[in-house]
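Trainee: I'd like to learn how to read a model like this one. Could you walk me through it, feature by feature?

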Amino acid sequence: MKVSSIGIFGGGRIAQALADGLARMAPDELERVYVSARSPVTLSHWEKWVDRSRLFSPAGNAVLARRCDVLLLSVKPKDLPQLRAEMGEIVPPKLIVSLVAGRSLRFLEELFGCDVSLVRALPNVAVAVGKGLTACAAGPGVEPSSLEWVLGFFGRLGRAILLEERLLDPFTVLAGCGPAYGFLFLSLLTEAGMALGWDDSESRAFAVSLLDGVVGLSEAYPSLGWEEFVQWVRSPEGVTDTVCRQLERGRWRESFLEAIQKGVEKLVQMQKEAGDRRV
Ligand SMILES: NC(=O)C1=CN([C@@H]2O[C@H](COP(=O)(O)OP(=O)(O)OC[C@H]3O[C@@H](n4cnc5c(N)ncnc54)[C@H](O)[C@@H]3O)[C@@H](O)[C@H]2O)C=CC1
Ligand SMILES: O=C(O)[C@@H]1CCC=N1
């Protein structure tokens with residue numbers, strides 16, 4: 001599929017992560033990007049990536065929808081109907097790529113009609129550094145070359161995989177939201193360091209080095225299970241053992257797994273409220 005222009009509708013957090021990733025990993029791609037956003041402040045951020053002539057307010061959404069080959073939707077789920085109305089007539093061939101969490105291909109098909117190609121892509125913010133994890137699911141009738149384009153686009157920003165659509169919601173909670181869980185853990189490590197007497201920036205640097213070491217070890221010993229890694233450090237009756245026992249008494253594992261389940265329930269509830277029948 002030949003793509004000359006990519007319209008990004010909604011230039012917020014995930015779209016800006018994409019732009020940063022493109023600037024690092026595929027700067028040529030930014031030359032064909034057009035963006036619309038509601039707030040002038042948001043648009044002014046985009047001036048570091050995209051020429052001002054390619055930045056639009058929502059009043060330009062119809063122009064963008066006409067002009068661009070790929071229409072990438074990155075507004076909040078609740079803003080999708082309004083955006084659709086502003087986009088006006090969509091004349092095929094167009095490839096619509098929706099990053100919107102929890103809005104099914106069926107819902108999008110009802111919104112945009114069945115004569116456009118629809119792909120859902122669920123990235124995470126690590127696309128900003130070329131380490132994203134993005135899952136894609138294609139609507140019926142999407143040309144293999146269009147799907148290949150989407151996988152290639154997100155593949156340049158990390159890892160891109162194809163999933164059955166029914167797995168996109170669990171994937172959203174695990175991987176789309178996942179960076180937040182990692183940062184929560186880093187913040188906890190930092191807080192612990194500060195409680196033990198280091199200042200904020202030293203503690204933060206320790207926390208990052210620690211996790212970097214953990215990732216390095218997991219890559220160097222791929223056959224070891226997570227529990228084996230823990231046991232490597234957790235000498236019986238030792239200090240790590242004492243800390244781990246305390247965490248286990250606080251049911252931190254159960255609490256985390258229950259929280260993930262709550263995330264899935266939240267997506268289901270959001271879909272129901274929007275009248276989106278589940279896939
Ligand atoms: N933030 C993340 O890590 C991820 C977000 N997503 C999905 O991406 C979508 C966007 O999320 P965020 O970037 O976090 O939200 P955000 O609120 O930061 O960005 C949304 C942007 O869309 C703009 N917008 C709203 N209506 C518009 C319209 N009619 N025309 C033009 N711009 C409009 C808003 O002003 C805002 O700048 C959501 O549907 C979310 O589920 C998916 C994966 C990861
Ligand atoms: O929190 C959210 O709703 C979005 C979806 C994935 C990451 N952020």
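Mentor: Sure. Let's start with how elements get their numbers: helices and strands are DSSP runs, numbered from the N terminus. With that, we can place Pro93: it sits in the loop between helix 5 (80–87) and strand 5 (95–98). Keep in mind that this is a predicted model.

Trainee: What is the peptide bond from Pro92 to Pro93, cis or trans?

Mentor: It's cis, with omega near 0°.

Trainee: Okay, let me step back to the whole chain. How many helices and strands are there?

Mentor: The chain has 13 helices and eight strands. Its C-alpha trace spans about 70 × 40 × 35 Å along the principal axes.

Trainee: And what share of the chain counts as buried?

Mentor: Of the 279 residues, 40% are buried. The chain exposes about 15,600 Å², and carbon and sulfur atoms supply 59% of that.

Trainee: What do the contacts say about sequence separation?

Mentor: Take the contacts with a separation of 6 or more: residues 24 or more positions apart account for 62% of them.

Trainee: Can you show me a residue with partners from elsewhere in the sequence?

Mentor: Try Arg67, in helix 4 (residues 61–67). Leaving aside neighbours within four places in sequence, Arg67 is in contact with Ser5, Tyr34, Phe56 and Lys94. The C-alpha atoms of Arg67 and Gly7 are separated by 8.2 Å, although these residues are 60 apart along the chain.

Trainee: Is Arg67 buried or exposed, or something in between?

Mentor: In between: the label "partly exposed" runs from 20% to 50% relative accessible area. Arg67 comes out at 44%, so it counts as partly exposed.

Trainee: Which residue would give me a buried case to set beside that?

Mentor: Look at Asp241 in helix 12. Buried means under 20%, and Asp241 has 6% relative accessibility, so it counts as buried. Not counting residues up to four places away in sequence, Asp241 touches Arg234, Ser235 and Pro236.

Trainee: Now backbone angles. Where should I look for a positive phi in a residue other than glycine?

Mentor: One case is Glu237, with phi near 65°. Glu237 is in the loop between helix 11 and helix 12 (239–249). Its relative accessible area is 70%, which means it is exposed.

Trainee: And what is phi of Arg251?

Mentor: Near 50°, again a positive value in a residue other than glycine. Arg251 lies in the loop between helix 12 and helix 13 (252–273). With a relative accessible area of 43%, Arg251 is partly exposed.

Trainee: What about the surface? Which residues make the nonpolar patch?

Mentor: Leu217, Tyr221, Trp232 and Val233 make it, and the patch covers about 410 Å². Residues in a patch need over 30% relative accessible area. Val233 has 52%, so it clears that cut-off, and it also counts as exposed. You'll find Val233 in helix 11 (residues 226–233).

Trainee: Last one: how far apart are the mean positions of the positive and negative charges?

Mentor: They are 4 Å apart, taken over 32 positive and 34 negative charges.

Note on methods. Residues are numbered from 1 along each chain as its sequence is written. Chains are lettered from A and ligands numbered from 1 in the order in which they are written. This is a predicted model: local features need pLDDT of at least 70, side-chain atom pairs count only at pLDDT 80 or more; totals for chains, interfaces and linings use all residues. Side-chain values use heavy atoms; hydrogens and water are left out. Patches are made of residues with over 30% relative accessible area and no salt bridge: like charges are joined within 9 Å, nonpolar side chains (Val, Leu, Ile, Met, Phe, Trp, Tyr) within 5 Å. Accessible areas come from the Shrake-Rupley method with a 1.4 Å probe; for residues, only the protein chains shown count as cover. A salt bridge is a side-chain nitrogen of Lys or Arg within 4 Å of a carboxyl oxygen of Asp or Glu. Helices (H or I, at least four residues) and strands (E, at least two) are DSSP runs, numbered from the N terminus. Buried means under 20% relative accessible area, exposed over 50%, partly exposed in between (1.4 Å probe, protein chains only). Contact means heavy atoms within 4.5 Å. Lys and Arg count as positive and Asp and Glu as negative; His and the chain ends are not counted. The place of a charge is taken as NZ of Lys, CZ of Arg, CG of Asp or CD of Glu.
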